[in-house]
Amino acid sequence: MLEKQFEDFLVAHFNQWANNEIKVGFRYQFTCPDTEKGFKLYQAFIKESQSHINVKGIDLPTIKYGDVELVPVYEGENFTENYIAHLRDEVSALEGETKGTALLIIHNSLLDTLKNSTEDIAQQGSVWHPHQIKQLLHGLIDQKCDLAQISECLLDVSFEEILEDGATMFGFEKLYYAIADGDLRVEETGRLPDKQLNEGTWDNKEAIRERLEDNRKLSEQLDFITHHYPNELEDKLAALDFSEKFVREHFPKDDVERYKTSLDLEECFAEQRKNRTELLELESIKTPHVECITKTRSESSAGLRENHILLFLEAEQIAFELDLSFIKQKLKDSYCSVQHDNYEQKAVVTIKNLGGVRSRAIVTGSFNGQARYIAIQVKTDKPKETHKFKILVLRKGDFFEEGFKHNFLIEPDKNKQYITLQTDDNALQIAEEGNATTVEKNEQCFSNQDFATVDFKKLASESDEVCFTVEGKETKLTFNVEGEVSTDSLSLPLLLDQGRFNHLFVDDYFGKIRRNTEGSVHKVQIDGKEIAPKAKRLTLLQYEAELVDKSILSKLSNEQTQLHDIEGVYNDLFLAYRDLFDYLQKNKTLVSLAGWGCEFQQIISKIVATFTSMRLIKYLLMRH
């Protein structure tokens, strides 16, 4: 242990200042949010005392600075706010026992009672302002030492953090101990050990600062996770790209905080680099001869690796095959597992490595008409190579799929299987035609042969949980209603959205517009999700939808040209544009939301070819 503790270091600095600056009758104060540190600071003053005075029957140790006796007090340690306020007035009176004294109040009070008529000695330019302490610590750095630059960077970074956080000089405490013992160790400043920084040659200050900042951020993340989730470390630390093996090795359950002294920063970086390169990537999801609707849980990294899949089998189909294609890594049997399956005869996962960098996991299973819930996991040693597939197999036509195919999540739990319905609506359409019914209580069951709409507004206003079952011809589905998780992550036009490139140029891939009660576009349905564009993007989509609704070819101020205006005049062009408007209206889409499949390309090509032909004819006529 150092001979001089940080609080003694601070008092020594105060003493030098007080010998020349302290004044009789003055009241000084220092606010210390940490009560333990405040009390230690007070005790450091008491050790300096060689005299005392008595005020209202209480002995008060004092410290002499020339002709002035300083009375240090600590609010909360035998001194109430009322007593300190009385003492403050006594000192300013310059008579009796307190004649010739000054007062120092160390406290953690927000009341003006202790702050009125006192001088804050931590303010700018004062003895305990962080800048003054920074200058003192700079004087402790041995400039001949190889680690001098690192110490100076630590000092600069600590000072900036103190100012940014509005902290006190105690923000330098860890750094003081790290510098003053002559053996600088980064871990003494609350960071991870960094052998490379301590033992390497670092001449670039910016590189040092960057490494220190990276260390601080990672250390804070680890501290937060180990403190709040000690029993979930493998899952939580996976977000930092730490594998389960790495977590078990460095964060043992019986000594979770061992990493603070044993885990080097470079080990963490090496682990992260390993787990961030050449990651197993899902290329495609295909289902031969079966209608398939897929969506991801969310836009987060982990959410994008969790796929929810609806399979609709035709009446004659009694089995299904799901083809999951991966690239960049080879699959192994040990990577793939069936987590849950509510059928007695479990689904089978077969690995096919075809050479190169492509691997396939083929999921096969039977189907007897009853809703089949399956959870498949593909998991390697790298956290970001964990892919989850939650699958629901249904009979085509047994349920009204339009009602939920854009806002579903599949929950294939062992004990209860259901669909989470993410929607802001108050009703679910369960059949094309029929009457509406109302959910009166949770777990009610409604047949889609009897009703077309299930209204759950009343129950949603009375209960935090909304859960009901829909009975089809062959099986039942349970729905659990959640508020919609809207996102505005949509790049327009869709053709230029790099994140959706692998889905483009397929006839059945496009965004569908969804309208509010006033008939205006307010959401887009795509990839099994509802996206809520904001601001200018929404406005442009609404303008575009107006053009399609009214078959408008061009619009300038109050003048516009509609499709019927060119009928009989430019008949070929009229027919080409009519095909485009028919396509857009039939599919409830817009040119901005088109996936540019073969059918759409042919329609656009016809328009372009007609225009080109018309311009050529006009050119030839003008020449003759």
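This is a dialogue about reading sheets, helices and salt bridges in a predicted model.

Student: Let's begin with the larger picture of one sheet. In what order do the strands of the six-stranded open sheet lie?

Tutor: Read across the sheet rather than along the chain. Here the order is E2-E3-E4-E5-E1-E6, and the pairing is mixed. Strand E2 (51-55) and strand E6 (119-120) are the edge strands, each pairing on one side only.

Student: How many bridges join strand E4 to strand E5, and do they run parallel or antiparallel?

Tutor: Strand E4 (residues 68-74) and strand E5 (residues 101-107) run parallel and are joined by six bridges. To find the register, look at one pair: Glu 69 has Thr 101 in E5 as its bridge partner.

Student: Which strands does helix H1 touch?

Tutor: Helix H1 (residues 6-21) packs on this sheet and touches strand E1 (27-31), strand E3 (58-65), E4 and E5. The direction of H1 makes about 80° with that of E3. Helix H3 (residues 81-93) also packs on the sheet, with contacts to E1, E2, E3, E4 and E5. Its direction makes about 155° with that of E5.

Student: What does the span of H3 tell me, and which of its residues are buried?

Tutor: Start with the span. H3 has 13 residues and reaches 19 Å from its first C-alpha to its last, close to the 18 Å expected at 1.5 Å a residue. For burial, keep the geometry in mind: an α-helix has 3.6 residues a turn, so residues three or four places apart point the same way. The buried residues in H3 are Tyr 83, Ile 84, Ala 85, Leu 87, Arg 88 and Val 91. Just after the helix, Leu 94 takes a positive phi of about 60°.

Student: Now for a smaller sheet. What is the order of the open sheet of three strands?

Tutor: The order is E18-E21-E19, with mixed pairing. Strand E18 (427-429) and strand E19 (435-438) are at the edges, and the twist averages 25° from one strand to the next. E19 and strand E21 (residues 451-455) run parallel, joined by four bridges. Within that sheet, Thr 438 stands opposite Asp 455 in E21.

Student: And in the hairpin of E24 and E25, which residue takes a positive phi?

Tutor: That residue is Gly 519, with a phi near 90°, in a hairpin that has five residues between the strands. Strand E24 (residues 512-515) and strand E25 (residues 521-526) are antiparallel and share four bridges. Arg 515 stands opposite Val 521 in E25.

Student: Let's turn to charges. How many salt bridges does the structure hold?

Tutor: There are 40. For each one, ask where the partners sit in the chain and how accessible they are. Lys 37 and Glu 173 meet at 2.5 Å, N to O. Lys 37 is in helix H2 (residues 35-46) and Glu 173 is in helix H7 (residues 173-180), 136 residues apart.

Student: Why is Lys 37 called partly exposed?

Tutor: Lys 37 counts as partly exposed because its relative accessibility is 26%, and the cut-off for buried is under 20%. Glu 173 is buried, at 14%.

Student: Which residues are linked with Glu 161 in a network of salt bridges?

Tutor: Arg 191, Glu 213, Arg 216 and Glu 220 are linked with Glu 161 in that network. Glu 161 and Arg 191 meet at 3.7 Å, N to O. Glu 161 is partly exposed at 24%, while Arg 191 is buried at 7%.

Terms used: Residues numbered from 1 in each chain as written. Predicted model: local features only at pLDDT ≥ 70, side-chain atom pairs only at ≥ 80, totals over all residues. Heavy atoms only, no water. Pairing = 2+ DSSP bridges. Helix = DSSP H or I, 4+ residues; strand = E, 2+ residues; numbered from the N terminus. Axes fitted to C-alpha atoms, helices over the stretch in contact; angles between N-to-C directions. Contact = heavy atoms within 4.5 Å. Expected span 1.5 Å × (residues − 1). Buried < 20%, exposed > 50% of the residue type's maximum accessible area, 1.4 Å probe, protein only. Salt bridge = Lys/Arg side-chain N within 4 Å of Asp/Glu carboxyl O.
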